[in-house]
Amino acid sequence: MIELKENPTLADFQSYIKNIGIERGWNKNNHLEIFLLFMEEVGELAKAIRNEMGLYTEKAKHNRFEMEEEFADVFNYFIDLANIMNIDLEKAIRKKEEVNAKRVWI
Ligand SMILES: [Mg+2]
């Protein structure tokens, strides 16, 4: 059984998601299918946050676990999508941070 190590780095998360995808047979989706699943989870996260906050006409359900689960789902598909697109997230974040650091933020 594949386990996520304690205090994982981004590379550890990427490796973990790749390996559990192989183990559980989730690795047959192409990049478009993963993107659609990711967007579906973003929608579920939006609903969980809406429920937690009692926004609009719904009363707050205070189901923190549901919201935590949706954050995890979004994160997992985000990592999966990065993997299938061969993105090294740590490298990408560091490069983007270099760009952001030079920007003038008003
Ligand atoms: Mg979900």
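Helices here are DSSP runs of at least four residues, numbered from the N terminus. With that in hand, read the elements of the protein from the N terminus on: α-α-α-α. The model is predicted.

**The whole chain**

Show everything as a cartoon. You should find four helices and zero strands. Turn the C-alpha trace: along its principal axes it spans about 45 × 40 × 30 Å. The radius of gyration of the protein is 17 Å, whereas a compact globule of 106 residues would have one near 13 Å. Of the 106 residues, 11% count as buried. Contacts also reach along the sequence. Among those between residues at least 6 apart, 56% join residues at least 24 apart.

**Before helix 1**

Select Asn 7. This residue sits in the segment before helix 1. Its phi is near 50°, a positive value in a residue other than glycine. Is Asn 7 buried or exposed? Asn 7 counts as exposed, because it has 5 C-beta neighbours inside 10 Å and the cut-off for exposed is 12 or fewer.

**Helix 1 against helix 3**

Next, colour helix 1, residues 10-24, and helix 3, residues 64-84. Look at how the two are set. Their axes come within 9 Å and cross at roughly 90°. Angles of 65 to 115 degrees count as roughly perpendicular, so that is the word for helix 1 and helix 3.

Now show side chains where the two helices meet. On helix 1, pick Phe 13, Gln 14, Ile 17, Lys 18 and Gly 21. On helix 3, pick Asn 76, Ile 79, Asp 80, Ala 82 and Asn 83. What kinds of residue make up the contact of helix 1 with helix 3? They divide into four nonpolar, four polar and two charged.

**The loop after helix 1**

Move on to Gly 25. You are in the loop between helix 1 and helix 2. Gly 25 has 7 C-beta neighbours inside 10 Å, so this glycine counts as exposed. Draw a distance from its C-alpha to that of Phe 75. The two residues are 50 apart along the chain, and the C-alpha atoms are separated by 19 Å.

**Helix 2**

Select residues 31-53, which form helix 2. This helix has 23 residues. From its first C-alpha to its last it reaches 33 Å, close to the 33 Å expected at 1.5 Å a residue. Highlight Ile 34, Glu 41 and Ala 48, which are buried in helix 2. Which helix do the buried residues of helix 2 pack against? They pack against helix 3.

Step just past the end of helix 2 to Gly 54. There phi is positive, at about 65°.

**The loop before helix 4**

Jump to Asn 86, in the loop between helix 3 and helix 4. Asn 86 is not a glycine, yet it has a positive phi of about 55°. With 6 other C-beta atoms within 10 Å, Asn 86 is exposed.

**Helix 4**

Finish with residues 89-102, helix 4. Place a distance between the end C-alpha atoms: they are 20 Å apart. At 1.5 Å a residue, the 14 residues should span 20 Å, so the two values agree. How many of the 14 residues of helix 4 are buried? The count is zero, and helix 4 is hardly covered.

Technical notes
Residues numbered from 1 in each chain as written. Predicted model: local features only at pLDDT ≥ 70, side-chain atom pairs only at ≥ 80, totals over all residues. Buried ≥ 20, exposed ≤ 12 C-beta atoms within 10 Å, placed from the backbone. Axes fitted to C-alpha atoms, helices over the stretch in contact; angles between N-to-C directions. Parallel < 35°, antiparallel > 145°, perpendicular 65-115°, else oblique. Contact = placed C-beta atoms within 7 Å. Nonpolar A, V, L, I, M, F, W, Y, C, P; charged D, E, K, R; others polar. Rg over C-alpha atoms; globule rule 2.2 N^0.38 Å. Expected span 1.5 Å × (residues − 1).
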